[in-house]
Amino acid sequence: MKLIKRLSTSITATLDSAVGQLENHDAIVEASIKQTRQAVAKTRARINTLRQQHQAYLAQLKEAKEQFDLWTERAASLAASDQEKALQCVARRNQCEADIGRLSYSEKQQADLVRDVTANLQTLQTKLDEMTQKHNLMRSRQTVADVNRAVAYANTDDDLSDTFERWESTVLEHEFAVSDACARDSLDVELTRAEDEADLLAQLALISQESQAKQSEKTNE
């Protein structure tokens, strides 16, 4: 019996340790999922900002090209009639050309950033989905493990079985004692009842005689 109890204690301790490790793993994974989810949210916000900046570069580039065409037309129209203004228009045109070059480079850089960060977002989202799926699966498996642990603990708890056996033995002893005390011979019961009734009749007869004697004494007086 002691060997079985030691084995039961060892099994229970092992199961408790395993459950504790599962709970620690659950907390670690949940914290990692939370961090990854926050990273996904921050990356989404960053992409929105980068896209807004990219749209701003596109709008500025479009405006610079329109100004380039405008100053080109003005220079051409003033070349014969007003050379000085035509040269100023050419200078403005050159400035627009420089802006176009700068904005084209910035727009390309910004587009590359949007593409790279979007790819990173997809990687993070895929990782988050995988982690969440595995986390849910492991939680389900842990639930099954907890149930199996409870069953194993119930099956190996010899101390509790011994307690039930001792309890039942005590109850049976009390039941037998009460049964023995209550069990009486039917003949004994019948004779005792008759004897009690005879005693009562004798008492009643005595009481009647005494009452009649008192009434006779009163009559004679």
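**Figure 1. One helical turn separates Asp112 from Lys108 in helix α2 of this predicted model.** The two residues lie four positions apart in that helix. Their side chains form a salt bridge, with the closest N and O atoms 3.4 Å apart. Which partner is buried, and which is partly exposed? Asp112 is the buried one, at a relative accessible area of 18%, while Lys108 is partly exposed at 49%.

**Figure 2. Asp112 also meets Arg115 in a salt bridge.** Here the N to O distance is 2.7 Å. Arg115 and Asp112 are three residues apart, again about one turn of the helix, and both belong to helix α2. As you look at this view, keep in mind that Asp112 is buried. In general, side chains of opposite charge can pair when their charged atoms come close.

**Figure 3. A salt bridge between Asp26 and Arg139 links distant parts of the chain.** How far apart are the closest N and O atoms of this pair? They lie 3.3 Å from each other. Asp26 sits in helix α1, which covers residues 2-78, and Arg139 belongs to helix α2, residues 83-155. Along the chain, 113 residues separate the two. Asp26 is buried, with a relative accessible area of 19%; the cut-off for that label is under 20%. Arg139, by contrast, is partly exposed at 35%.

**Figure 4. Glu30 joins Asp26 and Arg139 in a network of salt bridges.** This view widens the previous one to take in the third member, Glu30. For context, a search of the whole structure finds five salt bridges.

**Figure 5. Two arginines lie over the ring of Trp71.** The charged end of Arg74 is 4.6 Å from the ring centre. Arg92 lies over the face of Trp71 as well, at 5.6 Å from the ring centre. If you are hunting for aromatic pairs, the structure holds zero of them.

**Figure 6. The protein chain as a whole has four helices and zero strands.** From the N terminus on, its elements run α-α-α-α. How many of the 221 residues are buried, as a percentage? Buried residues make up 17% of the chain. The exposed surface comes to about 17,100 Å², and carbon and sulfur atoms supply 55% of that area. Among contacts with a separation of 6 or more, 85% are between residues 24 or more positions apart. The Asp26 and Arg139 pair, shown earlier, is 113 residues apart.

Technical notes:
Residues are numbered from 1 along each chain as its sequence is written. This is a predicted model: local features need pLDDT of at least 70, side-chain atom pairs count only at pLDDT 80 or more; totals for chains, interfaces and linings use all residues. Side-chain values use heavy atoms; hydrogens and water are left out. Rings of Phe, Tyr and Trp (its six-membered ring) pair if their centres lie within 6.5 Å; planes under 30 degrees apart count as stacked, over 60 as edge-to-face and the rest as tilted. A charge sits over a ring if NZ of Lys or CZ of Arg is within 6 Å of the ring centre and within 35 degrees of the ring normal. Buried means under 20% relative accessible area, exposed over 50%, partly exposed in between (1.4 Å probe, protein chains only). Contact means heavy atoms within 4.5 Å. Accessible areas come from the Shrake-Rupley method with a 1.4 Å probe; for residues, only the protein chains shown count as cover. A salt bridge is a side-chain nitrogen of Lys or Arg within 4 Å of a carboxyl oxygen of Asp or Glu.
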